[in-house]
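Reader: Please take a close look at one part of this model, the second largest cavity. How much space lies in it, and which residues line it? Then move on to the helix packing and the aromatic pairs.

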Amino acid sequence: MIKNRIVIYFYVFLYAFLCFAPAHFTGNYLLAVLAVYFYYKLKANRFPTSYGNRFFQLFLVLSLIQSFCSGTISRSLYVFFKYLFVYLAFVDLHYFVDKDTKEKIQLLWLYLSIPLLFLGVYQSFFVDIDMPLNWYNHLAGAPSINRAFGLFNNPNIFGSFTLILSLYSLLKDSDNKNIKKSLIFITIFLALVCVFTLSRGAVLSLLIGIVLVALSHREKRSLAILLLILICVSFHFSGRSTGVAEVDLGANQRVELYKGVKQYISTHWLQGTGPGTFHINYPSYRTLGGYYPLYAHNQLLEIWCEGGVLAFTLILLSLAFLFLNITLSSQILLIACLSNSMVNSSYSFFIIVLMVIGFLEQKQSKTDLQKVPKFVGVTVFILLAVFMSYQEFKRKVIVNKKIVSSKKLIHFVDQDYEFAIQFIKQRLKMKLNKDTIFEYIDWLNSFTKTMPRESETFYVLGQLAEKAKQSRVAYAFYKQSLRLDRFSEKNAIAVIRLSGYFKDYDYIQKVVDRVLYSNYQYRKINALYDQIQYFYIVSLIEQKKDAEAKAFFNKCIWVDDQFKENLAKNLFKEN
């Protein structure tokens, strides 16, 4: 009985922390809590031996090996531990937690989410401030409501969140009449809030799930049909359903992503680039300008990009065997979530994956549990302890205001790219003498051999060179950063600024034509395009092309109206 209470307290605390505190799976304290709990629960070292589990265990081993071979080992290890804790939670909930306890956890998760639903309604209809991913409000014909996002920093995550809860509450059966009635109202409320997130991937996946429920569960058919009508009507009146057009950033970004991911996979299809490295390598393959995402918005393809074809195959096999071994209701939930994961980055977040595995139910079939050698668990525990200590050490060194020489850092730390880039960016805010700057340049330049596709390395090298008043060197670094990420507004601004300094006006024209016109839609929301336009106008004025500068100014699309007015006053005083 006490053990069951500990399990309930743990999963409710974990769920509450991830919903009401930062939405991301971050922080050494959370890692420590997870490690202590799973050491306590799984200290017998017994794990399932079914094919699906074996394939995922092989995936974990592969991810660990790839992490140590990655150029960003700390980032890759972080992703490995995320995979590990997801699997440990799956094993615990499906093999070591009894059915009644698990049902209590599920219902507590559901009821605990209700305040977030009211918050979502408030955000959609009663708040008139900028919201995460609310860029579409700048566009003509945009939806009239804000996107609900709960306490997450992305409404698409909240969309996936409400999608999972909606299908669970719809499929949930209860002998208690009061609970049964409350589930009907909660299901309708969840479905509507899912619409209010304006996450088309979540809404479409929810519709797929509800249709499958209507076809397979006769007793749920009436409620399913009512939900279909409510979702379709409310989504139509939200205005978001008319967004799939030429000016639609969300849909076009997905198309652009698939093109870039296709090139990414064609280059790294065999071995991948290492866990957690998509955001580093993707800029080299993107085909349009604008904000580029940190995730592929397709979980399976992202695994292929990072882990290679073997990791992709192991995940597919794990999912296939899992699908065959779960109940019909859980199969519907899994189909909807897989559909959602193909157009959404939410499944890169621990809270969403935890909810999926927590709400799935396996068929009543016994699975053999095999004891794993104790040294495996001890080794992983030691690795986690070292990793957490190292992460804390890095954080303290980075935020420390002392100007530390890279030669005085502990060996291996100076070979950690993620640490080096964060450390140097922090020092760029301080006063540095030339010797220190050149030392940092040599240090960072060493990573250009191990991570040749990372444009940010060359950009920071350019900043260092500028700080040392080596403009020509900085110009070369900035140009290389733009070659690696051809559509980066930040890199383009640095190149255009120094191109003007060196009177390289032809190059300015090439950069402006490529970057500024690569994605017309993002010019309406990205203030960095204002900077590109400004430096281009200045270059035209320097060339005595005042008429051309005025004509370009008048046809520009400006995000910041105040910036536009100030520019007009200062550059065209005669007007």
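Author: The second largest cavity holds about 50 Å³ of space. The model is predicted, and so is this void. A search of the whole structure finds 2 cavities of 30 Å³ or more.

Now the walls. From the earlier part of the chain, the lining takes Phe59, Ser63, Gln66 and Tyr83. Pro275, Ile303, Glu306, Gly307 and Ala311 complete the lining. Two helices each supply at least two of these residues: H3, spanning 51-69, and H13, spanning 299-324. H13 gives the largest share, with 4 residues.

What is the character of this lining, counted as nonpolar, polar and charged? Nonpolar residues number 5. Another 3 are polar, and 1 is charged. Glu306 is charged by this grouping, and Glu306 is one of the lining residues.

Next, a helix pair. Helix H2 covers residues 28-41, and helix H4 covers residues 73-96. They pack at an angle of about 35 degrees. Their axes lie 11 Å apart. The crossing of H2 past H4 is left-handed. On the H2 side, the contact is made by Leu31, Leu34, Ala35, Tyr37, Phe38 and Lys41. H4 answers with Phe85, Leu88, Ala89, Asp92 and Phe96. Of the residues in this contact, 9 are nonpolar and 2 are charged. None is polar.

H4 also has a link to the cavity. Its range is residues 73-96, and Tyr83 is among the lining residues.

Last, the aromatic rings. The count comes to 46 aromatic pairs. Take Phe118 and Phe189. Their ring centres are 5.0 Å apart, and their planes stand at 65 degrees. Planes over 60 degrees apart count as edge-to-face, so this pair is edge-to-face. Phe118 sits in helix H6, residues 114-125. Phe189 sits in helix H8, residues 177-196. The two are 71 residues apart, so the pair links distant parts of the chain.

Definitions and conventions: Residues are numbered from 1 along each chain as its sequence is written. This is a predicted model: local features need pLDDT of at least 70, side-chain atom pairs count only at pLDDT 80 or more; totals for chains, interfaces and linings use all residues. Side-chain values use heavy atoms; hydrogens and water are left out. On a 1 Å grid over the protein atoms alone, a cavity is a set of points where a 1.4 Å probe fits but cannot get out, and a pocket is an open set with protein on both sides within 12 Å along at least five of seven lines; lining residues have an atom within 4 Å of a point. Grid points are joined across faces, edges and corners, and a volume is the space filled by probe spheres set on the points. Axes are lines fitted to C-alpha atoms, for helices over the stretch in contact, and angles run from 0 to 180 degrees between N-to-C directions. A crossing is left-handed if the near helix is turned anticlockwise from the far one by less than a right angle, and right-handed if clockwise. Contact means heavy atoms within 4.5 Å. Rings of Phe, Tyr and Trp (its six-membered ring) pair if their centres lie within 6.5 Å; planes under 30 degrees apart count as stacked, over 60 as edge-to-face and the rest as tilted.
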